[in-house]
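Me: Could you go through this one with me? I'll ask short things and jump around a bit.

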Amino acid sequence: MRIPCPHCGERDSREFEYLGSAKLLARPVTGAAEFHDYIHIRENPAGPNAELWQHIFGCRAWLHVVRDTVTHEVQTVTLAREKAGVNP
Amino acid sequence: MSRLANGGLIDRDISRPFTFDGQAYTAHPGDTLASALLAQDVRLMGRSFKYHRPRGVLTAGSEEPNALMEIGVGAARTPNTRATTQEVYAGLVAQSQNCFPSLKTDFLAVNDLLAPFLGAGFYYKTFMWPKAFWEKLYEPIIRRAAGLGRLSGEPDQTLYQKAHAHCDLLVIGAGPAGLMAASVAAKGGAKVILADEDFILGGRLNSEDCEINGQSGQSWAAKAVAELKDMPNVTVMARTTITGAYDGGTYGALERVADHIAQPNGAPTQIFWRIVTKRAILASGAHERPIAFPNNDRPGIMLASALRTYVTRFGVTPGHRIAVFTNNDDGWRTVRDLQAAGVSVIALIDTRPEVTPDVDCPVYTGAKVVNTAGRRGVERLSLRKANGALQQVNADCLAVSGGWNPALHLSSHMGGRPEWRANIAAFVPKPGAIPNLVAVGAANGAFSTHAALSDGMIAAKSVLKDLGLKQVRPKLPLAEDAPIQITPFWHVSGEKGRAWLDFQNDVTVKDIKTAHAENFRSVEHMKRYTTLGMATDQGKLSNMGALAIMAELTGQSIPKVGTTIFRPPYTPVHMGALGAGGAGKGFQPERFPPAHDFMAEKTPHMIEAGLWYRPAYYPQNPAHHWRDSCDREVNMVRSSVGVCDVTTLGKIDVQGADAAEFLDRVYTNMISTLKPGRVRYALMLREDGFVLDDGTVARLVADHFVITTTTGAAGAVLSHLEFCAQCLWAELDVQIISVTEQWAQYAVAGPQSRALLADLLDTDISDAAIPYMGWMDITLGGIKGRLFRISFSGELAYEIALPARFGDALMRELDARAKAMGGGLYGLEALNVLRIEKGFLTHAEMDGRVVAADLGMSGMLSGKKDFIGKIASQRAGLIDPMREQLVGIRPIGVVRQLLGGSIMVDVGADATRENVQGYISSACYSPTLGGMIAMAFVKGGRTRIGAQIRAVDLVRDLDTLCEIVPVQFHDPEGGKLRG
């Protein structure tokens, strides 16, 4: 799999570390139920999925990646910094 | 001798000696092991997997199921090597495999007589009883009897490498279609990689008696390859198999750099490539398929295309009285090509009754081969003629042609199911199955040379257009364009005897019938029940025949029955090649701190901490037990002064106007109130409320901090902080970078530490100048550094930091000064004892399952601010007072040992799962207290101080009565470290 890093260009997926759903960008302000949902509840779509990857062997930027879980096609890559706090 | 007088792409002037099963033979450059053996009349090359039937070569390529051999000696011995692809170098040693005592006399050939009991699924039926016998008796016997080559059992010393390549177009296969495609794309300026598994490029052009533009196929191919090699934008990779197609235009490729060379002289034997390409053209050709008939597996029976290859490319004839058995016009061509090369053909047997073959030899139409005979090789055939009569033919070689299957394997690697094309009775690649890959020529079912050239040209032009490169107008070379004439004929039915489908796994037509009768009818069930297609050749030759027979049995069409799909790799790849660079230290590289050499001079005993190596202890006498050294080092720190390398702890530099605010949010306790010049112990949680790590935070100036992490969690904490800064609070002005490798840092601990450092630094480091949990800038020999007053031992202690390049000199100086004061170096064992005596934490306690309350650190959870993990840490299950809480443990009476991992059980209770009250996380002998001590997690532990409990280790048979005590054993008031 190849991921085009906005800083470094297209790189092999082994340069990146996967964290999980981009839902983690939208940290709740408060509320046990909200945090329960934020920490544990995930969609498992067969298709486009917004995810967080970090370019650990490159610029170390956290990336918001929309990847099709069926085809592994990477559809969009954005710096997570630009989406911080945004619920995908 | 079966070497023909003329012809072949071999160098007859050079002969290279080699051995096969101890016998000496010779080969010419250009020969494969198989062609050289055939030239010297060796037909028997292997024994089959299950029945140990004698086998000879069936093919002339990488799809070979029979002629598998062990190549090389000692650790370098490689099993299951295809004799049909192995080039011969001088001194090559080849051995037959899966036979005992010899290839000619194999005792396990008795299995062939037992065949009625060894059919599909035999072990599910035959070895059911008694149950216990399966593991101890039946399976070991079956495992020994079955199988292919032997591994050497020694470490693989072969040099493998890995490499990456990038291109615009990857052309897979260098036959007419691939050469044409590469040439057109290259002329348009595309960056092209042309890869082929063979050592001479040209594909079937080298094996056929054919013409392109009036030249022989062989010379057209050689010229095309030479032209490509001269172009700067083309990389021609011979001996390179594209093994798999992966996401994002990535292809795996195995280049056999030196498998054909006697003395590689330092060259890697194989290189595993990852090729990333914008477009790919699959020009992998086709595999001819056999026809199943009784006893079709004798040496001397081979595919017609293979026979043509041996005659045309290698100048070898595997027989002198050849018969050809076919269901298509390709068989006729075989007869003509053989006769042109001067080989005698004694029969053409065509299954089609209505055809009139245009050949000059005895012809039997509407006939079929119904049996073969001969010891260790075919000597006679029985035919059933169109009128039903039997006839004997004394052929010593039989060429079989059952039609062609496109070599579409790569197109399935991402899950694409091949599609049926009726006019060629074969599956072809599903268009789009691999993004940006297109199949051309025979790989796409277009079998004529003209179609291959034309397909290749069209595909390459389309690539040039797609990529916005120069359009070229190539002229299509002239070549034959014979239409396909085939009447599918898969197997000879209604005759006696076993007919082989999968030669490598010994699966017969009867096995498919058994699978059908027992209702394993879906192709996936049939495959697994019979093991058809599950050998190292992945059923390249056998799948189609089996599908056709299953279709016949179920009354369905072949496309309705469907096909299993192929997975990477296309041909077997050594694990060593896939893991190139990842063996030994490549798997786990070593990290050494700046003073490593100095410490290694003092002790050979290192402990791995992540990738770091840290001294465990410093023995004064090699005969001493490690505990002698450890106790001495602990006493030294408690009484005078010790020096320990703490460089490996993570050090992270945090800067920015909002750095304090940021640290408030990631640590549980308040950081923003910390004054410049001061240090604070701090705790970090995961968002789910569990403890992530602990460490110290030093505020250098208002907007500049240095934080420390534990050695093991340094990477995870850095990523976590970057996540928080970039994903959660991008609005904060904060910059984070690891400075672990920039600073060498040493703990100087013990009552004499102040005296040592004051003298070294020639500076006032009194309690007033640098109080406990303070830090200051220092200068040592003109070098700027930092001094922290922090303690992981409970003694008066400092950590001194200088830029990494001065670390070695600094540690030597510290050691010398400590020695002069009656102290010295201490290692990780002593460090661990010192911290257990003080009740300080490591990741033995912070194991990812504990919350702050378990550690007695609820007080560090600030109520005045939000922080990562705050909300989740207050969940009911995490604040339950009966959770396992950290306490100290001391044994009552005389004990042998107290060990980490022991379970805690109440006095009088059985040591069973439901009675477990907790566990010991860290234990040691404390020279300071003169006995064993431990840190343990015990249910409701802090309310049970003073109570008795047992530490039980069922593995090492320990059961120790203990008392629960507070976790600070030594100097609980902390007077010493504040001193």
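Me: Which residues in H5(B) are buried?
Reply: In this predicted model, B:Pro176, B:Ala177, B:Gly178, B:Leu179, B:Met180, B:Ala181, B:Ala182, B:Ser183, B:Val184, B:Ala185, B:Ala186 and B:Lys187 are buried, where buried means that 20 or more other C-beta atoms, placed from the backbone, lie within 10 Å of the residue's own. Helices here are DSSP runs of H or I with at least four residues, and strands are runs of E with at least two, numbered from the N terminus.

Me: What do they pack against?
Reply: The buried residues of H5(B) pack against strands E8 (160–172), E9 (192–195), E12 (234–237) and E15 (270–282) and helices H6 (217–230) and H9 (449–466) of chain B, a contact being two C-beta atoms, placed from the backbone, within 7 Å.

Me: How are you numbering and filtering things?
Reply: Residues are numbered from 1 along each chain as its sequence is written, and chains are lettered from A, with ligands numbered from 1, in the order in which they are written. Because the model is predicted, local features need pLDDT of at least 70 and side-chain atom pairs count only at pLDDT 80 or more, whereas totals for chains, interfaces and linings use all residues.

Me: New topic: at what angle do H10 and H11 of chain B pack?
Reply: Helix H10 (residues 509–517) and helix H11 (residues 523–530) of chain B pack at about 125°, with their axes 10 Å apart; axes are lines fitted to C-alpha atoms over the stretch in contact, and angles run from 0 to 180 degrees between N-to-C directions. H10(B) and H11(B) are therefore oblique to each other, since under 35 degrees is roughly parallel, over 145 roughly antiparallel, 65 to 115 roughly perpendicular and the rest oblique.

Me: Which residues make that contact?
Reply: B:Asp511, B:Ile512 and B:Ala515 of H10(B) meet B:Met526, B:Tyr529 and B:Thr530 of H11(B).

Me: Any odd backbone spots?
Reply: The peptide bond from B:Pro568 to B:Pro569 is cis, with omega near -5°, and B:Pro569 lies in the loop between helix H13 (558–561) and helix H14 (575–578) of chain B. B:Asp506 is not a glycine but has a positive phi of about 55°.

Me: And where is B:Asp506, and why does it count as buried?
Reply: B:Asp506 is in the loop between strand E29 (500–502) and strand E30 (507–508) of chain B, and B:Asp506 counts as buried because it has 24 or more, precisely 27, C-beta neighbours inside 10 Å.

Definitions and conventions
A residue is buried if 20 or more other C-beta atoms lie within 10 Å of its own, exposed if 12 or fewer, and partly exposed in between; C-beta atoms are placed from the backbone.
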